[in-house]
Amino acid sequence: MNQLFLLSIPFFAVSAFHLASTFFKNQKIADITKITLMPLLALVPLTTTNCTEIQFHELTMLTIAIIAGCFGDYFMIKPQAKKNYLMGILFFSIGHAFYITLTILRQPPYFSVVPFIILVLIYAIFITPMYFMLKKPKGFIGFATVAYACILMIVNYFCLSPIIEAICLKQAISDLDKSIFIRLAGNLVFLLSDSVLSMTIFTKDFKYSRFVIMVTYLSAQYLLVLSFLA
């Protein structure tokens, strides 16, 4: 873990510089540093193969997920443009698809009817009000927004699956691997980040919105990556 932290220092340093530029509203520096963040994060798993048990195919998928985030970051620099917004959603969806695959490989999903129905209802309760709060985006943008929200919910389900299994089988949750909780935390913070981003695009922006979006987004990406390396 200490080695992981040391190898993460370049990512932490540039992230801090980027967050400072967003806080003080230096748009040019914020835009430039933003597209360097995910490549720096990708270096963490690529340089830790000698101190973790990650397999080559897992490393490949994890790297693709991170780089997809890099492309998503690029297009989301100006998300108000319809094409940029849709391309950003596309690349982030690709990244989440690889995170889902990695999660399944690490922990085959557990399915039980009652918990599944309860979670679907919770997801519906979350997505429906958000759709109306975003002023019901129409057309393909509206479809893409809802579809992306569903993808985030799918990631959430697979992250929660081991915890649900432990509860249903009356096992101690404390005995679960710590990576499961790290992954879930990353997913939940990602949900928060994307919720704030969507509100700033479709409703009303606020003073430090970009700072809030980026500090939660970077935390989420790092936690997701860490969960496959810890």
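How do the residues of the lining of the second largest cavity divide into nonpolar, polar and charged? They divide into 4 nonpolar, 4 polar and no charged. This cavity belongs to a predicted model, and the paragraphs below begin with its enclosed spaces before turning to the open pocket, the aromatic contacts and the loops.

The structure holds 2 cavities of 30 Å³ or more. The second largest cavity, with which this account opened, has a volume of about 40 Å³. Its lining consists of A65, G69, F92, G95, H96, Y99, F190 and Q221. Two helices, α4 (56-75) and α5, each supply at least two residues of that lining. The greatest contribution is that of α5, which gives 4 residues.

The largest cavity has a volume of about 280 Å³. It is lined by 21 residues, and those closest to its centre are T145, Y148, A149, D194 and S198. The helices that each supply at least two residues of this lining are α5 (82-106), α6 (113-133), α7 (139-168) and α8. Among the contributors, α7 gives the most, with 6 residues. In chemical character, the lining of the largest cavity comprises 17 nonpolar residues, 3 polar residues and 1 charged residue. Helix α5 therefore calls for attention twice: at least two of its residues line the largest cavity, and 4 of its residues line the second largest cavity.The open pocket comes next. About 470 Å³ of space lies in the largest pocket. Its lining is made of 29 residues, of which M76, L197, S209, R210 and I213 lie nearest the centre of the pocket. Helices α2 (9-23), α3 (27-46), α8 (178-202) and α9 (209-227) each supply at least two residues of this lining. The lining residues of the largest pocket divide into 14 nonpolar, 8 polar and 7 charged. Helix α8 supplies at least two residues to the lining of the largest pocket and also at least two to that of the largest cavity.

Helix α9, one of the helices that line the largest pocket, can be examined further. What span should its 19 residues have at 1.5 Å a residue? The expected value is 27 Å, and the end C-alpha atoms of α9 are 27 Å apart, so the expectation and the model agree. The helix is also mostly covered, with 14 of its 19 residues buried.

Aromatic contacts form the next topic. The structure holds 20 aromatic pairs. One of them joins F11 and F12, whose rings lie 6.0 Å apart, centre to centre, with 50° between the planes, a tilted arrangement. Are these two residues buried or exposed? F11 has a relative accessibility of 3% and counts as buried, because the cut-off for that class is under 20%. F12 has a relative accessible area of 29% and is partly exposed, because this value falls between the 20% and 50% limits. Ring pairs also link F5, F11, F12 and Y222 into a cluster. A contact of another kind involves R183 and F228: the charged end of R183 sits over the ring of F228, 4.4 Å from the ring centre.

F143 is another aromatic residue to locate, and its place is in helix α7. Its relative accessibility is 56%, so F143 counts as exposed, the limit for that class being over 50%. F143 and G72 are 71 residues apart along the chain, and their C-alpha atoms are separated by 18 Å.

The backbone of two loops completes the picture. Most residues other than glycine have a negative phi. Which values do K25 and K170 take? Phi of K25 is near 60°, a positive value in a residue other than glycine. K25 is found in the loop between α2 and α3, and it is partly exposed, with a relative accessible area of 49%. Phi of K170 is near 55°, likewise a positive value in a residue other than glycine. K170 is found in the loop between α7 and α8. At 79% relative accessibility, K170 counts as exposed.

Methods:
Residues are numbered from 1 along each chain as its sequence is written. This is a predicted model: local features need pLDDT of at least 70, side-chain atom pairs count only at pLDDT 80 or more; totals for chains, interfaces and linings use all residues. Side-chain values use heavy atoms; hydrogens and water are left out. On a 1 Å grid over the protein atoms alone, a cavity is a set of points where a 1.4 Å probe fits but cannot get out, and a pocket is an open set with protein on both sides within 12 Å along at least five of seven lines; lining residues have an atom within 4 Å of a point. Grid points are joined across faces, edges and corners, and a volume is the space filled by probe spheres set on the points. Ala, Val, Leu, Ile, Met, Phe, Trp, Tyr, Cys and Pro count as nonpolar, Asp, Glu, Lys and Arg as charged, and the others, Gly among them, as polar. The expected span of a helix is 1.5 Å times one less than its number of residues. Buried means under 20% relative accessible area, exposed over 50%, partly exposed in between (1.4 Å probe, protein chains only). Rings of Phe, Tyr and Trp (its six-membered ring) pair if their centres lie within 6.5 Å; planes under 30 degrees apart count as stacked, over 60 as edge-to-face and the rest as tilted. A charge sits over a ring if NZ of Lys or CZ of Arg is within 6 Å of the ring centre and within 35 degrees of the ring normal.
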